[in-house]
Each structure stands twice: as C-alpha cells, then as structure tokens.
Amino acid sequence: MIRRSERHPVVNQAASLPSRRGVLVGAALTAVPYVLLPGTRAAARPQAPDHPGAEWHPATAANYTASNRPRGHPVDRVIIHVAQTTFSGTLSIFRNPGKQVSAHYVVRSADGHVAQCVREADIAWHAGNWDYNKRAIGIEHEGWVDQPSYFTDVVYQESARLTAAICARYGIPRNREHIIGHHEVPGSDHTDPGRHWDWKRYLRLVRDSG
C-alpha cells in the first residue's frame, strides 16, 4: 500500500513506523531514508531490468536509497504489497519526488506485466521499517485489497515467477517466513495484501517456478 513518507533525522534507526500524515489512497508503503553511499549515482547505472521480461520504469532517485546489495546489506526477504491504486498510478507515485516512496517491482493486473522501478541493488522505500527495507525486495501489485478481481491468474503466475527468480538470485528460502505480506512487517499498521490474497496458491506457484 502506498503512503507518503516523512524524512527522519536519525538514519541508522533499525525500525521506523510510517507517518500517519500524507495518506495516499488510504494505504502505506514507506521507508526511512538512509545516507547515500559515497560516489554512488543511481542515474549513472545502466537502465536495464534485473528481471528478464520486466520493463524499466525508474522511480525518481529522491524516493529510494542507492546501495550495493547484497554486498552492503544481505537480501533475505520478499515483501508482497497491494498498491491500492492502478498500475499507472503506482508508477506515477514512484516518479514523484514529493512522495518519498517506491518498490522494486510493480505487477499489472490485466496481463501480469512487470515494471521494475528500483534496482535490486538499491533500497526501495516500501516496508515502513528500515531494517526490513535494507534486506527486502518489494513487489507491488495493481489493485485494492477488497477487490479480489484484481488478483488474476496471470498476476499470480507472473508475480510468483518474479519472486522465484529473486529467491534463486539471493538464496532466499521459498517459504512464508521469507516471503511475507506488508502486514507482517514489524510495526506495520497495514493489511495488504489482504484476506483475498491466496497465499497457499502463491507459494505453490513460487515453488513450482524455475
């Protein structure tokens, strides 16, 4: 879920709760900014997706933290989100420097098309908990938690294929301890992906992919 974040003066805090202000479409997807690594410029990096078949739709550099994961921070989680808005609306939010929010990927409902908005090496601001942001890949899904029609067969298939590939790249176990919902992040007050998200089906597809 997507909400505007607020900058926090203490950048090394292990966990930070999301702001209650600046709510976008009644949801949240926030992060504490972190000091940029010296000499790192995300804009200078090749704009090629990490995931085959994904389309590069870069978030503004104001909405994520440049890093060198997994060398700088181990990656051991995938966090599943529902955006509470459309695919194009999500991309627009990530491009807006005033929103201070992003995720690594966005999956479209109609056809499962995947957009990459933040490089996996970098830290997207999506979990509302800085420790989890540092160690996780965030995947947004077009739709609303109370409208299960957005959770199409192709969304499950393509999102599961993406998650399976991420798990393979970083050696992440394909289980519910390491593939979690936004609502399971410590300190979260969010409900996404919500009660209509079929975790049993999703985990089965992740395990069967690749």
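The following paragraphs go through the sheet, the helices against it, the nonpolar cores and one loop glycine of a predicted model.

The sheet is open and has 6 strands, in the order β1-β5-β4-β7-β3-β8, with mixed pairing. Strands of a sheet pair through backbone hydrogen bonds, either parallel or antiparallel. At the edges stand β1 (55–56) and β8 (179–181); each has a single partner strand, so one side of each lacks a neighbour in the sheet. β8 runs parallel to β3, and 3 bridges join the two. Within this pairing, valine 78 has isoleucine 179 of β8 as its bridge partner.

Two helices can be placed relative to these strands. α3 lies across β3, β4, β5, β7 and β8, at about 170 degrees to β7. α4 also packs on the sheet, where it touches β3 and β8, and its direction makes about 155 degrees with that of β8.

The largest nonpolar core has 27 residues, of which Ile80, Tyr105, Ile139, Ile166, Ile179, Trp197 and Tyr202 touch the most other members. Two or more residues each come from β3 (77–82), β4, β7, α3 (153–170) and α4 (199–208), and α3 gives the most, with 7. Another core, of 13 residues, lies apart from it and includes Phe87, Leu91, Val101 and Cys117.

Helix α1 (residues 87–95) has Phe87, Gly89, Thr90, Leu91, Ile93 and Phe94 as its buried residues. Their cover includes β4 (105–107), β5 (114–116) and β7 (136–141).

Glycine 72 is in the loop between β2 (64–65) and β3. This glycine 72 counts as partly exposed because its relative accessibility is 36%, which falls between the 20% and 50% limits. Its C-alpha atom is separated by 9.8 Å from that of arginine 135, 63 residues apart along the chain.

Definitions and conventions:
Residues are numbered from 1 along each chain as its sequence is written. This is a predicted model: local features need pLDDT of at least 70, side-chain atom pairs count only at pLDDT 80 or more; totals for chains, interfaces and linings use all residues. Side-chain values use heavy atoms; hydrogens and water are left out. Buried means under 20% relative accessible area, exposed over 50%, partly exposed in between (1.4 Å probe, protein chains only). Helices (H or I, at least four residues) and strands (E, at least two) are DSSP runs, numbered from the N terminus. Contact means heavy atoms within 4.5 Å. A nonpolar core is a set of buried Ala, Val, Leu, Ile, Met, Phe, Trp, Tyr and Cys residues joined through side-chain atoms within 4.5 Å. Two strands pair if DSSP finds at least two bridges between them. Axes are lines fitted to C-alpha atoms, for helices over the stretch in contact, and angles run from 0 to 180 degrees between N-to-C directions.
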